[in-house]
Number of protein chains: 2
Amino acid sequence: MAVKERMDYIKKQLHSQSYKLTPQREATVEVLLENEEDHLSAEDVYLLVKDKAPEIGLATVYRTLELLNELEIVDKINFGDGVSRYDLRKEGANHSHHHLVCIQCGDVSEIEEDLLGEVEVKVEREWQFKIKDHRLTFHGVCSKCQREKDSTNEEVGRQTVDQL
Amino acid sequence: MAVKERMDYIKKQLHSQSYKLTPQREATVEVLLENEEDHLSAEDVYLLVKDKAPEIGLATVYRTLELLNELEIVDKINFGDGVSRYDLRKEGANHSHHHLVCIQCGDVSEIEEDLLGEVEVKVEREWQFKIKDHRLTFHGVCSKCQREKDSTNEEVGRQTVDQL
DNA sequence: ATACTAAACGATAATCATTATCGTTTTCAT
DNA sequence: ATGAAAACGATAATGATTATCGTTTAGTAT
């Protein structure tokens, strides 16, 4: 399974920067590996890690997630609901990972495809800006909500599209 | 000047939804019109509005910005520095407004051009997602910091690229 | 294996942006 | 002019995140 290899890779990353490998950090990474599609908040991670290591503190979870973000192992993202969420980066792919946020049901789905290749070339050329990373999120109506609206013909109150 | 016309448009928008036009709201919109390029936070707006209307309260500024966001007159955005920022939408253009965030000096500049036309067509077709809006931000090194790095040859500590 | 030291920990207090509350004031249609 | 709904200012409450601090631990050198 790739899970073990990815865990080993992350451990190596920690060691190579002379960070210590603690059971708390290991348990946190495990939780992230087991819930990859879920856009977990720090609180979410905390509750899940407590199953594996009940003595862990919330502050440690925040510290670990911050560390993993600095090591570019996770992306810290914000969908405008007041909490930061943490996504494990796919191996290799370092930044082609976009989101579709439905403004009616609130669901978030992902696009793995790299959509911005040509766009990045253009931006780098025309604005002399060396791109290291990007965030792209679309707000709109998902296919399920489109179908429901068609069938009920009932106008659904439009939710606010706020922060990215 | 276009400022007056935009103000009138915004007043009309408020009235058409039977919101009341108060001096506080007018002063807030004035401040936004006079500081369009500045990505103001609620606190920033509050301090600027106090010059025009010293009796205004911070809560009113938050309420007004929230209202303007719902009316799609401003965009509420998040650059990962812990505060929401409010950008007046350009007239007509309803969502082609992107950001370049420098991970060294922290400067934010804007791209007005619509970069995503073809990308949106593709996303709508392939994911059956009806796009209403999007947020696109690039993180990287601005041209000024690239030049400075070249000349000093000194390694600059990498800042965290976090939310948004 | 033991001892050491910096790093990491848990508990919890502090911070800070944002939101809710509430009694008063104001807008605007009647 | 009047009255009701909306908006206001002041400020308390909330809630996510960060800082503090005394204790514990990982990893290295003895």
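This briefing walks through how two protein chains meet two DNA strands, and how some of the helices pack. The model is predicted, so local features need pLDDT of at least 70 and side-chain atom pairs count only at pLDDT 80 or more, while totals for chains, interfaces and linings use all residues. Residues are numbered from 1 along each chain as its sequence is written, chains are lettered from A and ligands numbered from 1 in the order in which they are written, and side-chain values use heavy atoms, with hydrogens and water left out.

**DNA strand C**

- Let's start with the neighbours: 21 residues sit around DNA strand C, and A:Thr22, A:Ile56, A:Thr60, B:Lys20 and B:Tyr62 come nearest. (A residue is near a strand if one of its heavy atoms lies within 4 Å of it.)
- Sugar or phosphate accounts for 70% of the atoms of DNA strand C within 4 Å of the protein, and bases make up the rest.
- Now for some polar contacts, meaning pairs of N or O atoms within 3.5 Å; within protein, one must be able to donate a hydrogen and the other to accept it, and residues adjacent in sequence count only if both atoms are side-chain atoms.
- A base nitrogen of DNA strand C is 3.2 Å from a polar side-chain atom of A:Lys20.
- The side chain of A:Gln24 has an N or O atom 2.8 Å from a sugar or linking oxygen of the strand.
- From chain B, a polar backbone atom of B:Leu21 lies 3.0 Å from a phosphate oxygen of DNA strand C.
- Two or more residues of this surface come from each of helix 2 (23–34) and helix 4 (58–70) of chain A, and helix 4 (58–70) of chain B. (Helices are DSSP runs of H or I with at least four residues, strands are E runs of at least two, and both are numbered from the N terminus.)
- Sorted by class, the surface near DNA strand C has eight nonpolar, seven polar and six charged residues. (Ala, Val, Leu, Ile, Met, Phe, Trp, Tyr, Cys and Pro count as nonpolar, Asp, Glu, Lys and Arg as charged, and the others, Gly among them, as polar.)

**DNA strand D**

- DNA strand D has 21 residues around it, of which A:Tyr62, B:Thr22, B:Gln24, B:Ile56 and B:Thr60 come nearest.
- Of the atoms of DNA strand D within 4 Å of the protein, sugar or phosphate supplies 71% and bases the rest.
- A phosphate oxygen of DNA strand D lies 3.1 Å from a backbone N or O atom of A:Leu21.
- B:Lys20 places a side-chain N or O atom 3.1 Å from a base nitrogen of this strand.
- The backbone joins in at B:Glu55 too, with a polar atom 3.1 Å from a phosphate oxygen of DNA strand D.
- Helix 4 of chain A, along with helix 2 and helix 4 of chain B, are the elements giving two or more residues to this surface.
- The surface near DNA strand D contains eight nonpolar, seven polar and six charged residues.

**Helix packing**

- In chain A, helix 1 (residues 2–16) packs against helix 2 at about 140°, with the axes 11 Å apart. (Axes are lines fitted to C-alpha atoms, for helices over the stretch in contact, and angles run from 0 to 180 degrees between N-to-C directions.)
- That angle makes helix 1 of chain A oblique to helix 2 of chain A. (Under 35 degrees is roughly parallel, over 145 roughly antiparallel, 65 to 115 roughly perpendicular, and the rest oblique.)
- On the helix 1 side of chain A, A:Val3, A:Arg6, A:Met7, A:Ile10 and A:Lys11 meet A:Glu26, A:Val29, A:Glu30 and A:Leu33 of helix 2. (Contact means heavy atoms within 4.5 Å.)
- This contact in chain A has five nonpolar, no polar and four charged residues.
- Over in chain B, the axes of helix 3 (residues 42–52) and helix 4 come within 9 Å and cross at roughly 120°.
- B:Ala42, B:Glu43, B:Val45 and B:Tyr46 of helix 3 touch B:Leu58, B:Val61, B:Tyr62 and B:Leu65 of helix 4 in chain B.
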